[in-house]
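Please open the model in your viewer and keep the sequence beside it. The tour below suggests what to select at each stop.

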Amino acid sequence: MKSKSMEEHKKHVPIDVKCGVITLSDSKYKDSKEGINSDISGEDIINVLKEKGHEIKEYTIIPDDKDMLLDTVKKMNEEKIDAIFTTGGTGLESRDITIETLKPLYDKEINGFGEIFRLKSYEELGSGALLSRASAGIHNKTIIFSMPGSPNAVKTAMDIISDEIGHLVKHSRK
């Protein structure tokens with residue numbers, strides 16, 4: 001069921017969102033340093049964003065490293081990127097540091113993203129959805145979405161957020 005007021009509200013959202021994509025993966029980082037492009041999830045995010053008419057200002061692959069992640073987010077924030085999409089590092093293993101690193105930065109958390117992501121994942125995968133800690137929040141007027149690293153998880157996440165990016169950016173700027 002669509003809301004008439006929400007549809008009217010969406011008519012006034014930014015169409016061209018400046019985006020940054022960060023892949024966190026020790027193995028993908030190693031591959032990239034050897035000239036091998038194995039980052040399917042990062043490329044899937046980029047493709048969805050471009051299809052929606054958004055601009056990719058920055059794309060990088062980094063290892064699962066807290067300091068590198070913080071430095072990368074800081075750099076993207078300084079470049080006035082509207083939305084940052086991270087993939088990887090959201091699991092339960094000791095090297096999965098994305099959520100612990102980014103959540104303290106949030107000025108506001110977007111709880112609905114993680115909740116809806118886990119619901120959709122549960123519908124597709126069953127109780128294995130408990131392993132996901134997908135998250136989103138706003139830091140210095142920049143939206144940050146943190147997604148798991150699997151291509152299927154990225155597809156699920158992008159299906160949830162791709163039509164709302166401009167709407168979210170509009171509100172994060174206020």
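Begin by selecting Leu69, Thr72, Val73, Met76 and Asn77 in helix α4, which are buried, a word used here for under 20% relative accessible area, with exposed meaning over 50% and partly exposed in between, for a 1.4 Å probe and protein chains only. Looking down the axis of α4, you will find that these buried residues fall within an arc of 135 degrees, so they line one face of the helix; the arc is taken from the directions from the helix axis to the C-beta atoms. This is a predicted model, in which local features need pLDDT of at least 70, side-chain atom pairs count only at pLDDT 80 or more, and totals for chains, interfaces and linings use all residues. Residues are numbered from 1 along each chain as its sequence is written, and side-chain values use heavy atoms, with hydrogens and water left out.

Next, turn to the face of α4 directed away from its buried side, where the exposed residues Asp67, Asp71, Lys74 and Glu78 are carried. Then show what covers the buried residues of α4, including β1 (18–24), β3 (83–87) and α5 (98–102), where contact means heavy atoms within 4.5 Å.

At the N-terminal end of α4, select Asp65, which caps the helix through a side-chain oxygen 3.2 Å from the backbone nitrogen of Asp67. Just after α4, select Lys80, which takes a positive phi of about 60 degrees.

Helices such as α4 are DSSP runs of H or I with at least four residues, strands are runs of E with at least two, and both are numbered from the N terminus.

How values were computed. Polar contact = N/O pair within 3.5 Å; in protein donor to acceptor, adjacent residues only side chain to side chain.
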